[in-house]
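Dear colleague,

I am handing over the structure below, together with some notes on how parts of it pack. Please read the notes with the coordinates open beside you.

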Amino acid sequence: MAEVAAGSSDALAAVFGRLGSSVRAVGRRIVGDGAADDVVQETFERVWRHAARFDRRRGSLDAWVLRIARNAAIGQLRRTRYHVDLAVVPEPADAERGPDDAVVLIDLTTGVRRAVADLDHRRRAAVEHVLAGHTLVQTAGHLGVPEGTLKSRVRAAYADLRTVLEGTRTA
């Protein structure tokens, strides 16, 4: 790693040869096949930039690089999830509904997503997990809160959403 820190691309190539497939496996496990190569690229870019930070006394090279890979994959997953959650997903064509109905549906969907995005961060996290299909017990475990606390947050969030959405409907 001292050679990588000194700018040796051959030394980086040796580290890549040794750990590239393991880094790709970490990426594939966390973000899937399609984005695993991006995780590999980001990981080795970070290894290159931060090679001087590696300290053998704190752990092995393998552990250090794989930790970087894990962090890169999780970061990518967060960025991707954020963009997907806010994207407007087009509805399939419905022969019984016309373009006016589609516009109303898009406006409603956009309004709900904006209202959810404006919630307090704790309430928003609770609602997003529940709307994603997780049970209250699963969501409470994931967020690390008691089930009763989660239920209170979800009820309060639904009340907030109801108030905001009723206000937009009458406007």
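**Nonpolar cores and a helix pair**

In this predicted model, the largest nonpolar core has 16 residues, and the ones that touch the most other members are Val4, Val15, Leu19, Val23, Phe44, Leu61 and Val65. At least two residues of this core come from each of H2, H3 and helix H4 (61–86), and it is H2 that gives the most, with six residues. Apart from this core lies another one, made of six residues, including Ala115, Val116, Val127 and Ala157.

Valine 23 may be a useful residue to look at in detail: leaving aside residues up to four places away in sequence, Val23 touches Val39, Val40, Thr43, Phe44, Val65, Leu66 and Ala69.

As for the helix pair, the axes of H2 (residues 9–31) and H3 (residues 33–49) come within 8 Å and cross at roughly 140°. Since angles over 145 degrees would count as roughly antiparallel, H2 and H3 are therefore described as oblique to each other, and the crossing in which H2 passes H3 is right-handed. On the H2 side the contact is made by Ser9, Leu12, Val15, Phe16, Leu19, Gly20, Val23, Arg24, Gly27, Arg28 and Val31, and on the H3 side by Asp33, Ala35, Ala36, Asp37, Val39, Val40, Thr43, Phe44, Val47 and Trp48. By type, the residues of this contact between H2 and H3 comprise 13 nonpolar, four polar and four charged.

With best regards

Note on methods:
Residues are numbered from 1 along each chain as its sequence is written. This is a predicted model: local features need pLDDT of at least 70, side-chain atom pairs count only at pLDDT 80 or more; totals for chains, interfaces and linings use all residues. Side-chain values use heavy atoms; hydrogens and water are left out. Axes are lines fitted to C-alpha atoms, for helices over the stretch in contact, and angles run from 0 to 180 degrees between N-to-C directions. Helices (H or I, at least four residues) and strands (E, at least two) are DSSP runs, numbered from the N terminus. Angles under 35 degrees count as roughly parallel, over 145 as roughly antiparallel, 65 to 115 as roughly perpendicular and the rest as oblique. A crossing is left-handed if the near helix is turned anticlockwise from the far one by less than a right angle, and right-handed if clockwise. Contact means heavy atoms within 4.5 Å. Ala, Val, Leu, Ile, Met, Phe, Trp, Tyr, Cys and Pro count as nonpolar, Asp, Glu, Lys and Arg as charged, and the others, Gly among them, as polar. A nonpolar core is a set of buried Ala, Val, Leu, Ile, Met, Phe, Trp, Tyr and Cys residues joined through side-chain atoms within 4.5 Å. Buried means under 20% relative accessible area, exposed over 50%, partly exposed in between (1.4 Å probe, protein chains only).
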